[in-house]
Amino acid sequence: MAAGRQSRQLCNFLRFSRGRYSTIKEEITHFGFETISKKEKSERVHHVFENVALKYDLMNDLMSGGIHRTWKDYFIRKINPCYGNKLLDVAGGTGDIAMRYLNFIKYNQWEKKKKEKWGEMSQGKRSEIIVCDINQAMLDVGKRKAKRFGIENDIAWVCGNGEALPFEDNTFDIYTIAFGIRNFTNVEKALEEAHRVLVPGGRFMCLEFSAVTTPIFERLYEMYSFQVIPVMGQIIAKDWDSYQYLVESIRQFPNQDEFASLIRDSGFRMVNYENLTFGVAAIHSAFKL
């Protein structure tokens, strides 16, 4: 009898322990190489981007030697925007992707106008471009940049969380996110939200840092990332910690195949990716079918 009671007590204890461990596991995540609560990660990521907002574009140029511009230009060409499409650019704070998208459309409009097709085209629906970012400081930088370029009325700026988008189902033709999804607390939830707000046939496009595929280049990249970028952040932006986090966050993000699986698990189809610069970055593409 005693042995049976002890056995039941042990089983109950193990069930309780497993349940408690699962609960704890669900509430923790990573911030760079640290393990922290999900609530704390949201707050600390928000703080990081508030700190780097004013120097964000400059630091992107310096850290990448300007190659991020080439990646983003190619990203837009892969999307091949069409006149009348509705774009949602998530985590797009300073507007790099949205502005490139807009310029691509305007250039194509001009080309069509020269071919005397403007009348037909202008009767169609107008393209709509929305930038959504959780950090108002980043959006403010983007707004000032848009005003400087004279395009402040062509882009809408919305402060919102990519894990709980403030938009209706089946709203957008294209969802883009560039160098932002690795900072989310719940990547799976962000992907589910992307799927929800896209129209059937809508396209998901993500540009993100990824796993380098060439061993020799990987060693050089690791050395540059950890020994140069934080120092650069301290000198230019007076902020070592934020750039140390940005470097570490890249290493914590799933590799190309793992991320493609997450996209597929979120309901997307025709999932594929393309490596850029030996896998330093990758473009992921998928459709809501």
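Helices (H or I, at least four residues) and strands (E, at least two) are DSSP runs, numbered from the N terminus. Keep that in mind as you colour the chain. What you have open is a predicted model, in which local features need pLDDT of at least 70 and side-chain atom pairs count only at pLDDT 80 or more, while totals for chains, interfaces and linings use all residues. Residues are numbered from 1 along each chain as its sequence is written, and side-chain values use heavy atoms, with hydrogens and water left out.

**The whole chain**

Start with a cartoon view: the chain has twelve helices and nine strands. Switch on the surface next. The accessible surface of the chain comes to about 15300 Å², an area from the Shrake-Rupley method with a 1.4 Å probe, where for residues only the protein chains shown count as cover. Carbon and sulfur atoms hold 54% of that surface. Of the 289 residues, 45% count as buried; buried means under 20% relative accessible area, exposed means over 50%, and partly exposed is in between (1.4 Å probe, protein chains only). For contacts, meaning heavy atoms within 4.5 Å, take those in the chain with a separation of 6 or more: residues 24 or more positions apart account for 74% of them.

**First stop: I181**

Select I181, in the loop between β6 and α8 (187–197). Is I181 buried or exposed? It counts as buried, because its relative accessibility is 0%. Show its surroundings and you will find that I181 touches V187, A190, L191, C206, E208, F253 and F259, not counting residues up to four places away in sequence. Draw a C-alpha to C-alpha distance to one of these, C206: the two are 25 residues apart in sequence and 8.2 Å apart in space.

**Into the cores**

Now hide the surface and look for nonpolar cores, each a set of buried Ala, Val, Leu, Ile, Met, Phe, Trp, Tyr and Cys residues joined through side-chain atoms within 4.5 Å. In soluble globular proteins, nonpolar side chains tend to be buried together. The largest core here has 31 residues, and W71, Y101, I155 and L207 touch the most other members. Elements giving two or more residues to this core are α4 (67–79), α5 (96–114), β4 (128–133), α7 (136–148), β6 (172–178), β7 (198–209) and β9 (281–287). Colour α5 separately, since you may like to see where the largest share, six residues, comes from. Then centre on I155: leaving aside residues up to four places away in sequence, I155 touches A98, M99, L102, I129 and V131. Apart from this core lies another, of 27 residues, including Y175, I177, L198 and I263.

**A lysine under cover**

Go to K72, in helix α4. K72 is buried because its relative accessible area is 4%. Which residues does K72 touch, not counting those up to four places away in sequence? They are N60, D96, I97, R100, F179 and L207.

**Two asparagines to compare with a Ramachandran plot**

Most residues other than glycine have a negative phi, and most peptide bonds are trans. Select N80, which has a positive phi of about 55° although it is not a glycine. N80 lies in the loop between α4 and β3 (86–90) and is partly exposed, at 43% relative accessibility. Then pick N170, another non-glycine residue with a positive phi of about 55°. N170 is found in the loop between β5 (156–159) and β6, and it too is partly exposed, with a relative accessible area of 43%.

**Cysteines**

Show the sulfur atoms. How many disulfides are there? The count comes to zero, where a disulfide is a pair of cysteine sulfur atoms within 2.5 Å. C159 is in no disulfide, and the nearest cysteine sulfur, that of C132, is 7.5 Å away. C159 is partly exposed, with a relative accessible area of 43%.

**Last stop: F33 and the surface**

Select F33, in the loop between β1 (28–31) and β2 (34–37). F33 is partly exposed, at 47% relative accessibility. Leaving aside neighbours within four places in sequence, F33 is in contact with F226, E248, R251 and Q252. Check Q244 as well: the C-alpha atoms of F33 and Q244 are separated by 9.8 Å, with their positions 211 residues apart along the chain.
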